[in-house]
Amino acid sequence: MQIAFIGLGNMGGGMAANLVKAGHTVRAFDLAEAAIEHARESGCDTFGSAPEAVQGVEAVVSMLPNGRIVESVYTSDVIGRAPEPALLIDCSTIDVATAKRVEDAAKAARYDMVDAPVSGGIAAANAGTLTFMVGGSDTAFARAKPILDGMGKTVIHAGGAGAGQAAKICNNMLLGASMIATCETFRLAEKLGLDLQTFYDIASKASGQNWSMTSYCPVPGVGPQSPADNGYQGGFASALMLKDLKLAMEAAHDAGATVPMGELAEKLYERFTAAGNGTVDFSGIIRTL
Ligand code: NAD
């Protein structure tokens, strides 16, 4: 299949390379020359603009920084430029309202479109093991699934337009809050004189068990290998966690939902990144507790 790929950064670079490996012809575009060069080395055909990249394609995939850029790329460079039956797939993490607006504009121009944000970081993007949460019609999802299968291991239909973004930010709000709760719990356990490995052995088999502890323990040397064992480098940057918490707060405000734990997590990650820790893994917030 001929697929245009727009946004070849940390995530998009590996995803485009996996589409090539899956046998697709990938027509790639990014504003950054280094990203274009890397895509070329991965076997993509590269172009000098998005309108050129989308010529004659059957699908367009994008992995861009934020909603403002996604809206501008789709409304100026993709809708009306890509052939009309092309399927549009935005994998960026953006706000629900913008995702719905862009999908409405695509639908009005008779394109099928899905929002398909991912769970999993750069390593999963490179390895082709991402989880995709997909919002859009049944028809659009059925068309998107075989393409997404080439870049991930799990592809789930979350609901209609914007539902993928909604699922992503709800998941990450829970992750941010549960990480902070896990960090402060280990600090308290330490102050109460508990051996941390022993406490881990107990809590991971008791009702306090959660992913932030048993898959991503913020305490070095406890639990499986995690960024804590690597000086809190790699993994999921705190600036990206803050971005997702801000999107969650925006969505909660629009929906009239009460999210006190999410609000507190946003404040704490705001303070953590403002202190120069934006590139530190999000479990590194334990250092402030
Ligand atoms: P990145 O900054 O590395 O890549 C974004 C790319 O988009 C850059 O190469 C940039 O040059 C390009 N770009 C920006 N504006 C453009 C335009 N108008 N036209 C074409 N290209 C343009 O970011 P990333 O880490 O790859 O993240 C991309 C998206 O994935 C974000 O929405 C992020 O929230 C989401 N995400 C990232 C991770 C992660 O671990 N990095 C995990 C899950 C989701």
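These legends go with close-up views of the ligand site in a predicted model.

**View 1. Who sits around the ligand.** The shell here counts 22 residues, and the ones that come nearest are Asn10, Met11, Asp30, Leu64 and Lys243. Sorted by character, the shell holds 12 nonpolar residues, seven polar ones and three charged ones.

**View 2. Polar contacts up close.** Start with Asp30: an N or O atom of its side chain is 2.6 Å from an oxygen atom of the ligand. Lys243 also reaches a ligand oxygen, with a polar side-chain atom 2.8 Å away. For Leu31 it's the backbone that takes part, with an N or O atom 3.5 Å from a ligand nitrogen. Taken on its own, the ligand has 830 Å² of accessible area, and the protein covers 83% of that.

**View 3. The pocket and what builds its surroundings.** The ligand takes up the space of the largest pocket. Two elements give two or more residues to the shell around the ligand: helix 4 (67-78) and helix 11 (238-255). Both domains pitch in, too, as domain 1 (2-161) and domain 2 (166-288) each supply at least three residues of the shell.

Methods:
Residues are numbered from 1 along each chain as its sequence is written. This is a predicted model: local features need pLDDT of at least 70, side-chain atom pairs count only at pLDDT 80 or more; totals for chains, interfaces and linings use all residues. Side-chain values use heavy atoms; hydrogens and water are left out. A residue is near a molecule or strand if one of its heavy atoms lies within 4 Å of it. A polar contact is a pair of N or O atoms within 3.5 Å; within protein, one must be able to donate a hydrogen and the other to accept it, and residues adjacent in sequence count only if both atoms are side-chain atoms. Accessible areas come from the Shrake-Rupley method with a 1.4 Å probe; for residues, only the protein chains shown count as cover. On a 1 Å grid over the protein atoms alone, a cavity is a set of points where a 1.4 Å probe fits but cannot get out, and a pocket is an open set with protein on both sides within 12 Å along at least five of seven lines; lining residues have an atom within 4 Å of a point. A molecule sits in a cavity or pocket if more than half of its atoms lie within 2 Å of its grid points. Helices (H or I, at least four residues) and strands (E, at least two) are DSSP runs, numbered from the N terminus. Ala, Val, Leu, Ile, Met, Phe, Trp, Tyr, Cys and Pro count as nonpolar, Asp, Glu, Lys and Arg as charged, and the others, Gly among them, as polar. Domain bounds come from an automatic or database domain assignment.
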